[in-house]
Amino acid sequence: MFLTVTAVCLLFSCRKSGMFIDEIYTYGLSNSSYAPYITDIKGGSALGQVITRQELFDYVAVTEGEGFDFGSVYYNQAMDVHPPLYYWLFNAVSSLFPNTFSKWTGLALDYVIYMLALLCLYRLVKTLFGSRDIACAAVILYGLSLLGLSTMLMIRMYVLLTMLSLLLAWLIARLLRDFRPGLCPLVGLTILAGLMTQYYFVFYAFFLCGAYVLYVLGKKEYKKLLHFVPWALGGALCLLLAFPDCIHQLTADKLVSG
């Protein structure tokens with residue numbers, strides 16, 4: 001099952017040629033040293049100036065002595081419109097191969113996250129239906145779908161967003177089947193990770209967690225909410241501590257989703 005998806009992912013990865021501009025920004029925002037945009041290399045404006053090949057390379061690649069500079073990634077994302085979790089991961093992988101610009105850096109990271117997403121999907125479907133065969137079918141159908149493969153092949157944060165969405169759904173499903181207080185901290189951490197990946201995760205988490213709360217209220221199992229609600233809300237509120245620049249980004253005139 002996973003080997004089949006892996007083979008197809010490798011095939012399409014080999015055939016991937018060129019990048020969308022947002023994918024280039026993934027490299028730049030992750031790997032440039034305190035320069036979120038290419039214009040920052042030229043003092044804020046590239047109008048009438050020549051950007052050299054080396055300057056472009058410095059923007060998209062981790063150069064000597066700049067590896068694992070998570071402070072730079074934080075700064076770049078504070079100047080951009082997205083939280084930094086995916087970019088931290090991307091910078092970590094890029095730092096393992098300094099002075100290199102390759103599609104395989106992003107595709108390797110996305111592949112690992114994609115496999116984790118499929119594992120979460122397998123666990124989710126098996127929890128819901130209690131059938132290994134149905135769970136395997138779900139993994140094959142999604143793993144080989146145009147939507148799934150496109151998510152993996154586009155070097156952006158959406159593959160991580162997908163994985164965290166499936167992880168949260170699986171945790172909620174487990175709480176429905178067999179409530180264990182120890183799962184609630186994992187819910188909070190997953191919500192925090194999702195918000196640190198893409199702000200729109202809040203809508204998904206709100207409705208999913210809200211549905212669980214309504215279900216528990218309907219069953220009059222109020223003690224469960226004493227564990228669940230503080231961790232879920234705490235995970236969301238911890239975004240303010242982990243990335244306080246989110247306040248400015250979320251209150252700006254325009255929030256870009258790309």
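**Exercise 1. Determine which residues line the largest cavity, and describe that lining by element and by class.**

Solution. Step 1: the largest cavity is lined by Ser-30, Asn-31, Ser-32, Ser-33, Glu-66, Asp-69, Ser-72, Val-73 and Asn-91. Step 2: two elements, H2 and H4, give two or more residues to this lining. Step 3: sorted by class, the lining comprises six polar, two charged and one nonpolar residue. Step 4: the space in this cavity is about 30 Å³, and a search of the whole structure finds one cavity of 30 Å³ or more. The model examined here is predicted.

**Exercise 2. Establish where Ser-30 is placed, whether it is buried or exposed, and which residues it touches.**

Solution. Step 1: Ser-30 belongs to helix H2. Step 2: its relative accessible area is 1%; buried means under 20%, so Ser-30 is buried. Step 3: when residues up to four places away in sequence are not counted, Ser-30 touches Tyr-25, Val-73, Tyr-87, Phe-90 and Asn-91. Step 4: Val-73 and Asn-91 also appear in the lining of the largest cavity, as does Ser-30.

**Exercise 3. Assess how far helix H5 is covered, and by which elements.**

Solution. Step 1: H5 spans residues 85–95, and eight of its eleven residues are buried. Step 2: the buried residues are Leu-85, Tyr-86, Tyr-87, Phe-90, Asn-91, Val-93, Ser-94 and Ser-95. Step 3: their cover includes helices H2 (21–31), H4 (70–79), H6 (103–129), H9 (158–177) and H10 (184–195). Step 4: for Tyr-86, leaving aside neighbours within four places in sequence, the contacts are Thr-26, Leu-109, Asp-110, Ile-113, Ile-155, Arg-156, Met-157, Val-159 and Leu-160.

**Exercise 4. Explain why the buried residues of helix H3 line one face.**

Solution. Step 1: in H3 (residues 53–60), Glu-55, Tyr-59 and Val-60 are buried. Step 2: viewed down the axis of H3, these buried residues fall within an arc of 125 degrees, and therefore they line one face of the helix. Step 3: the general background is that an α-helix has 3.6 residues a turn, so residues three or four places apart point the same way. Step 4: H2 is among what covers the buried residues of H3.

**Exercise 5. Identify which residues of the largest nonpolar core touch the most other members, and characterise Leu-239.**

Solution. Step 1: the core has 69 residues, of which Tyr-86, Tyr-114, Leu-118, Leu-175, Ile-191, Phe-228 and Leu-239 touch the most other members. Step 2: H9 gives the most to this core, namely 14 residues. Step 3: Leu-239 is located in helix H13 and is buried, with a relative accessible area of 6%. Step 4: apart from neighbours within four places in sequence, Leu-239 is in contact with Leu-192, Leu-195, Met-196, Tyr-199, Pro-244 and Cys-246. Step 5: between Leu-239 and Gly-188 the C-alpha to C-alpha separation is 11 Å, although they are 51 residues apart in sequence.

**Exercise 6. Describe the volume and lining of the largest pocket.**

Solution. Step 1: the largest pocket has a volume of about 450 Å³. Step 2: its lining consists of 22 residues, and Val-202, Ala-205, Phe-206, Leu-233 and Ala-236 lie nearest its centre. Step 3: at least two lining residues come from each of H10, H11 (201–219), H12 (222–237), H13 (239–242) and H14 (246–250). Step 4: H11 supplies the largest share, seven residues. Step 5: the lining has 21 nonpolar residues, one polar residue and no charged residues.

Methods:
Residues numbered from 1 in each chain as written. Predicted model: local features only at pLDDT ≥ 70, side-chain atom pairs only at ≥ 80, totals over all residues. Heavy atoms only, no water. Buried < 20%, exposed > 50% of the residue type's maximum accessible area, 1.4 Å probe, protein only. Helix = DSSP H or I, 4+ residues; strand = E, 2+ residues; numbered from the N terminus. Contact = heavy atoms within 4.5 Å. Arc of directions from axis to C-beta. 1 Å grid on protein atoms, 1.4 Å probe; cavity = no way out; pocket = protein on both sides within 12 Å on 5 of 7 lines; lining within 4 Å. Points joined across faces, edges and corners; volume = space filled by probe spheres on them. Nonpolar A, V, L, I, M, F, W, Y, C, P; charged D, E, K, R; others polar. Core = buried A, V, L, I, M, F, W, Y, C linked by side-chain atoms within 4.5 Å.
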